[in-house]
Amino acid sequence: MLRFIVRRVLQAIPTLLILSILVFAWLRSLPGGPAAALLGDKATPEKIANLNHVLGLDQSIILQYFKFLGRAVTGDFGNSLVSAQPVMSEIGTFLPATLELGISAMIIAVVLGIPFGYLAARFRGGIPDNVIIVLTLVGVAVPVFFLGYTMQDLLSAPLGLPSQGRQAPGIDATAITNFAILDGIMTSEWDAVWDAIKHLILPAFALATIPLAVITRISRASVLDVLNEDFIRTANSKGLTQPVVRQRHVLRNALLPVVTTIGLQTGALLGGAVLTERVFNFRGLGFLLAEGIEKRDYPRLQALLLFGALVYVVVNMLVDISYGLIDPRVRVR
Amino acid sequence: MQQLRLTRTRRAALIGLAGVLAVSLSACAESKRDDAGGGGSGGTMVFGNTGNPKMFDPVFTDEGETYRITRQMLDTLVQNKPGTADLEPSLATKWEPSNDGKTWTFSLKQGVKFSDGTPFNAEAVCYNFDRWYNMKGAAAQSQMIYYADVFGGFAHNESSALSDPLYKNCEAKDPNTAVLNLNKPKGAFPAAFTLPSLSIQSPTALKQYDADKVSQSGDSFTYSDYAYKHVTGTGPFKFDSWDQGKGEITLVRNDTSTMPAPAKLDKLIFKVIPDENARKQALKAGDIDGYDFPAPADYGLLRKDGDQVLVRPSFNVLYLGINQSGNPKLKDPRVRQALAYGINRQQFVQSKLAEGSEVATEFVPKAISGYTDDVTKYPYDPAKAKDLLKQAGASNLSLKFYYPTEVTRPYMPNPADTFTAISQDLKNIGITIQPVAESWNGGYKDDVQQFGKQDIHLLGWTGDYNDAGNFVGTFFGRQKKEFGFDNPDLFKALGDADASPPGDQHAKAYQEANKQIMDYLPAVPIAYPSPAIVVNEKIKGVVASPLTDERFNNVTTG
């Protein structure tokens, strides 16, 4: 197991390196640049050119890349041009919000998605199946921001759920880890915990729709596959009770592709978080990314995109490891 | 079966463990809550800021996001009378130019202290002027946009984009008299003394926190601690904290302020909410008490909810740029006139812009000295436009029309709508339009202003201070890629106007220049759009300013 992990970590290095080149080249190939974005209306072309010169953005891209790489290996990703804060500390500040949102969304997606999928498969062709299939189609098709705005307008007021931010203005919660719920538990500020949960509900559901729909569909397909397997027939014919067949034989075998999907969806969550966080003014990494793109904030975008890639790599590694836990047949050597 | 039971036991154990963990965590983490309740009775206002401020030293930025906050804490020598663009005393009770316009004598208000307790006097004023002039380092200078605009350059210019410095020296004649000596007169004064960038800050604090230290490493900047958390001025509020994670900047009342008095509010919080719809939702939910630049389409809805939409008098101009180096036909004045006659500006303003907006007849809004009604006007007349095109042999004119996307500006709430309306009018007089849409930060400004790729384009300007030169001087004072024409007479007229001594003569010089501009028609002024600010029904004492110069010192939360 340890060797497997080490190997995957080593594999990740060239991946990230290639990605860093792509990210770097892509950012700089975008029209416009940070100088024009930073200086706004008042900047003359001369002043923009001057700022570009001061920032070294008029040097060759290759030179710029190696300078960036030289600093990056020491952990220095520079300061955001928008906020003038070190990007690494920005990520530290904003990551807890995204994790809180992302984990909540994934919990919703998994807790609802697997039972829905199972239900649809069991009653294949029946009403539950049809309803679930239509809903998942809608879930995948509706853009997150549209859903977000709709939820704000239609659900926020009737349900008494906040549509903005992470905390109510007057709550005065003590920040320790920046995980609002965890902080509240640690300091026994239970009203702050409840407040943080309320603020999470709408954005988490908005963000969960796509993974929920995907997980439901995959679960359904996977359960259907397994139900047709010989060993299920065998299990049934040897007289095992239905709950045992379901738990031990159907679900466990059907879970494998679902876990892969959960992994992939977790990686893709950062993309959805950009829109969700923006719409709900939920200050996390996606919020940071959106602002960075608007202002062509190279240092911030470089760090965030590489961080996103790193998350993807790690999540995939965890998925591979979890295979072994679910299915001894693919236990890694 | 046994295995299943085991898993269940394990699960229970895990949950138990988590519980123990939480309890032990809570034992080691102390709640830092202040249960004493609010001390003062002036209340708190939370205002939605449209973007993240970079830092709070206004001299290193040209962004409204920073100014909106610093103008609550810092004062300038001269200020705009609330709700107008007229000048009134601030830190200076009187300001007098010499006859040649090269010397400005400021009589200073007495009994003023910075929030760190140090006195405000002529020495402090001169310290600030000297600080700007002597600023070292390309990183610092490259960001002093307004200083460089007004004062040309520095003691040691670190870029060829800068010119000779206007500043000579500053003398503290006595504690209450500061004398500013310039190398040549400048028409922007005294109005430019109102610029937030030229706010007077505490010399002691500036020195203590090394305010001039702006460093650059790789492709980024770092500022001093002063700029992040120690900005110190004389205003009714003072800096308290900046929570990056929450995006909240908190100011508290400056109890020693005599500019003009401590704020009525206890606390003023700026909450950064970049998304326009999110700001609206936050106001609806009561998370914020007001925000800037509501979308014109929302005015009605906001008012229905009881919010106050305060429309600012216009200090902007939206224009249709014409690039004479683009399509050669545009060199013909008749073609440019045809564009002006062909656009139904009245209808555009009424149907697409917010209330308070007006049709533009020149490039200077009405509130500015130097505006004159006595210019050549081009009322909507499509028949005449077609006729002019025919005379110029340009009946089959085809134009590359550049317009920006992904942006709203105070002078252009909806660029795509604006483009559609104007291009429809131009099509109606027989012009073929080739639309080119580019994102604002994605090269639009480069292509239009630096490379001049367009034939015609949309752009505008928000005024910085009450001087016509800030508008027409910026647009047409020299040869520019954006407009692609060379008109030495016009350049000279604008240069002379800028150098003319302040007062009536100055205004007259610009009135003449404005007439000349509207005869030559280097571009078509479209509208003077009015942006707004919105606060909820409880907030009192916000006065909408044409210069977005709203100071919240008199605000109460009713």
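This report walks through a predicted model with chains A and B, from the helices of chain A to the sheets of chain B and the contact that joins the two chains.

**Chain A**

Let us start with chain A, which has 14 helices and 0 strands. Its pattern along the sequence is accordingly a run of α elements from one end to the other. The C-alpha trace of chain A spans about 80 × 50 × 40 Å along its principal axes. Chain A has 333 residues, of which 42% count as buried. If you look at contacts in chain A between residues at least 6 apart in sequence, 71% of them join residues at least 24 apart.

One helix pair in chain A is worth a visit. Two packed helices are described by the angle between their axes and the distance between the axes. For helix α7 (residues 144-154) and helix α10 (residues 190-227) of chain A, the axes come within 9 Å and cross at roughly 150°. An angle over 145 degrees counts as roughly antiparallel, and α7(A) and α10(A) are therefore roughly antiparallel to each other. The crossing of α7(A) past α10(A) is right-handed. On the α7(A) side, the residues that meet the partner helix are A:V144, A:L147, A:G148 and A:M151, while α10(A) brings A:L202, A:A206, A:L207 and A:T209. By class, the residues of this contact of α7(A) with α10(A) comprise 6 nonpolar, 2 polar and no charged.

**The six-stranded sheet of chain B**

Moving to chain B, you will find an open sheet of 6 strands with mixed pairing, in the order β16-β20-β15-β19-β17-β18. Strands β16 (358-359) and β18 (432-439) of chain B form the edges, each pairing on one side only. Helix α13 (residues 415-428) of chain B packs on this sheet, where it touches β15, β17 (398-405), β18 and β19 of chain B. The direction of α13(B) makes about 165° with that of β17(B).

Within the sheet, β15 (residues 316-322) and β19 (residues 456-462) of chain B pair in the antiparallel sense over 7 bridges. In this pairing, B:I322 stands opposite B:I456 in β19(B).

Strand β15 of chain B is also the place of B:G321. Is B:G321 buried or exposed? With 24 other C-beta atoms within 10 Å, B:G321 is buried, because a residue counts as buried if 20 or more lie within that distance. The C-alpha atoms of B:G321 and B:H457 are 4.9 Å apart, although 136 residues separate the two along the chain. Leaving out residues up to four places away in sequence, B:G321 touches B:I456, B:H457, B:L459, B:E482, B:F483 and B:A523.

**Further antiparallel strands of chain B**

Another set of strands involves β10, β11 and β12 of chain B. The table brings these pairings together with the one already described between β15 and β19.

| Strand pair (chain B) | Sense | Bridges | Opposite residues |
|---|---|---|---|
| β15 (316-322) and β19 (456-462) | antiparallel | 7 bridges | B:I322 and B:I456 |
| β10 (237-243) and β11 (248-253) | antiparallel | 6 bridges | B:D243 and B:E248 |
| β11 (248-253) and β12 (267-272) | antiparallel | 5 bridges | B:L251 and B:L268 |

The strands β10(B) and β11(B) form a hairpin with 4 residues between them. In the turn of this hairpin, B:G247 has a positive phi of about 65°.

**A buried loop residue**

Not every buried residue to look at lies in a strand: B:L198 sits in the loop between β7 (177-182) and α6 (203-208) of chain B. B:L198 is buried, with 22 other C-beta atoms within 10 Å. Which residues does B:L198 contact, leaving aside its neighbours within four places in sequence? They are B:T76 and B:F193. The C-alpha atoms of B:L198 and B:D549, 351 residues apart along the chain, are separated by 14 Å.

**Where the chains meet**

Finally, the contact between the chains takes 58 residues from chain A and 51 residues from chain B. On the side of chain B, the elements giving two or more residues are α1 (2-28), α4 (138-141), β8 (215-217), β9 (220-222), α8 (276-285), α14 (440-450) and β19. Helix α14(B) supplies the largest share of that side, with 7 residues. By class, the side of chain B that touches chain A has 17 nonpolar, 22 polar and 12 charged residues.

Note on methods. Residues are numbered from 1 along each chain as its sequence is written. Chains are lettered from A and ligands numbered from 1 in the order in which they are written. This is a predicted model: local features need pLDDT of at least 70, side-chain atom pairs count only at pLDDT 80 or more; totals for chains, interfaces and linings use all residues. Two strands pair if DSSP finds at least two bridges between them. Two residues are in contact if their C-beta atoms, placed from the backbone, lie within 7 Å. Axes are lines fitted to C-alpha atoms, for helices over the stretch in contact, and angles run from 0 to 180 degrees between N-to-C directions. Angles under 35 degrees count as roughly parallel, over 145 as roughly antiparallel, 65 to 115 as roughly perpendicular and the rest as oblique. A crossing is left-handed if the near helix is turned anticlockwise from the far one by less than a right angle, and right-handed if clockwise. Ala, Val, Leu, Ile, Met, Phe, Trp, Tyr, Cys and Pro count as nonpolar, Asp, Glu, Lys and Arg as charged, and the others, Gly among them, as polar. A residue is buried if 20 or more other C-beta atoms lie within 10 Å of its own, exposed if 12 or fewer, and partly exposed in between; C-beta atoms are placed from the backbone.
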